[in-house]
Amino acid sequence: MIETIYVERAIKNHPRTKKILKKFKKSRIISIYKYGEIFNKRNQNFRIQKANPSLILAHKKDSFVLPAPEGFGIGASKNFYFSHMYNCMYDCRYCFLQGMYSSANYVIFVNFEDFDIAIKKTIEKNIGSKVTFFSGYDCDSLAFENVTGFAEHILSFLSLHPQIEIEFRTKSVQKEPFLSMKPIQNVILAYSLMPELMSKALDNKAPSISKRINVISELSSRGWKIGLRFDPLIHGKNWKELYQDLLDNIYQSISIENLHSVSFGSLRFPKRMFKDIFKLYPKEPLFAGPLSLNKKMISYDIEIEEEMTSFCKNLSLKYINKDQMFKCSI
Ligand code: SF4
């Protein structure tokens, strides 16, 4: 239940604003001038706000499409991302958003058509390059789909541009709009996964791994292209057995011919961000693990990272080709 919804005056009559507000009949609506009045102000406490976040409906003015950080990608030469929303309904302990924003309120930008225009321009500027777009870098791309309808909107636009790829990365078990449509070959539904035992401790409020695997299995059998994202890889007691079980389980549960790619990423935080996150959860066992400062990043030692990545890659080779695997190193 969202108790309070802030609405920017400029978009109060936007059809998408009205559609979203209809879903929250009992919420208190407050008119604001700019979303920045409420979001990311200093002296907000992410952890306290996360218990009862408000929703903010806003108009995005610029920076619709941005280059993805170096090291983020699944094989294309050009990688871009866009976020129709800031923040997430889940509460993963390692989430970088809690170190990036001081507010846990959700912001939804309702002017989706401006994303279409910016994506189209980016495609036109990069003709001849292999381009991948990532939806929802600053949120979970599908968790709030029932409210926003963003994926449904953008899919009809992207199906007109088969030369580019788009990834929706998620931990949700959101099946629509995908079940009601024919699969679109340049769309990748990418699921973040870790062993169930670790996920129970870290992926707060997110669907269980077994539920995610059921959805992956269903959507892959319908022909949707699937990405598996073991990112971050988490070190801990019995990690080898736990990852072996997970990898065998997932590869045996999905239609392997519809597996687009698999990527592995390390647990890492920029030093400053780690400080902020640590302050929120000083007793979190994850942060007491074998982490150290390496080149301005807090991460596992390189030997641990490499051991985990090669262990998982070697296991995956039983099921998939080497060229389907990527390492995410941001
Ligand atoms: S699902 Fe992703 S965006 Fe949402 S809290 Fe977890 S890590 Fe953060």
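1. Leu-242 first. Setting aside neighbours within four places in sequence, Leu-242 is in contact with Pro-195, Leu-197, Met-198 and Lys-237. One of those partners, Leu-197, is 45 residues away along the sequence, yet the two C-alpha atoms are 8.0 Å apart in space. Leu-242 itself belongs to helix α9. Keep in mind throughout that this is a predicted model.

2. Helix α9 comes up again in the main core. The largest nonpolar core has 90 residues, and the members touching the most others are Phe-133, Leu-228, Phe-230 and Tyr-243. To this core, helix α9, which runs over residues 239–253, gives the most, with 7 residues.

3. Phe-133 is worth a click in the viewer. Not counting residues up to four places away in sequence, Phe-133 touches Val-65, Phe-80 and Phe-82, then Ile-119, Thr-122 and Ile-123, and also Ile-164, Glu-165, Ile-166 and Glu-167. There is also a second core, separate from the big one, with 15 residues, among them Val-7, Ile-11, Leu-55 and Ile-108.

4. Now the ligand. Where does the ligand sit? You'll find it in the largest pocket. Around the ligand are four cysteines, Cys-88, Cys-92, Cys-95 and Cys-139, along with Tyr-90, Leu-97, Asp-91, Asp-140 and Lys-171. By residue class, this shell splits into 6 nonpolar and 3 charged, with no polar residues.

5. Gln-49: buried or exposed? Gln-49 counts as buried, because its relative accessibility is 18% and the cut-off for buried is under 20%. Gln-49 lies in helix α2, residues 46–50. Beyond residues up to four places away in sequence, Gln-49 touches Gln-44, Ser-103, Ala-104 and Asn-105.

6. Arg-272 is a contrasting case. Its relative accessible area is 69%, so Arg-272 is exposed, the cut-off there being over 50%. You'll find Arg-272 in helix α10, which covers residues 271–280. Arg-272 and Ile-298 are 26 residues apart along the chain, with 9.2 Å between their C-alpha atoms.

7. Two cis peptide bonds to look at. The bond from Glu-176 to Pro-177 is cis, with omega near 15°, and Pro-177 is in the loop between β10 (165–170) and β11 (187–192). The bond from Asp-231 to Pro-232 is cis as well, with omega near 10°. Pro-232, however, is placed in strand β13, residues 225–233.

8. Which lysines should you check for backbone phi? Lys-205 has a positive phi, near 70°, despite not being a glycine. Lys-205 lies in the loop between β12 (203–204) and α8 (209–221), and at 52% relative accessibility it counts as exposed. Lys-295 also has a positive phi in a residue other than glycine, here near 50°. Lys-295 is found in the loop between β16 (291–294) and β17 (297–300). With a relative accessible area of 81%, Lys-295 is exposed.

Notes
Residues numbered from 1 in each chain as written. Predicted model: local features only at pLDDT ≥ 70, side-chain atom pairs only at ≥ 80, totals over all residues. Heavy atoms only, no water. Core = buried A, V, L, I, M, F, W, Y, C linked by side-chain atoms within 4.5 Å. Buried < 20%, exposed > 50% of the residue type's maximum accessible area, 1.4 Å probe, protein only. Helix = DSSP H or I, 4+ residues; strand = E, 2+ residues; numbered from the N terminus. Contact = heavy atoms within 4.5 Å. Near = heavy atom within 4 Å. 1 Å grid on protein atoms, 1.4 Å probe; cavity = no way out; pocket = protein on both sides within 12 Å on 5 of 7 lines; lining within 4 Å. Sits in = over half its atoms within 2 Å of the grid points. Nonpolar A, V, L, I, M, F, W, Y, C, P; charged D, E, K, R; others polar.
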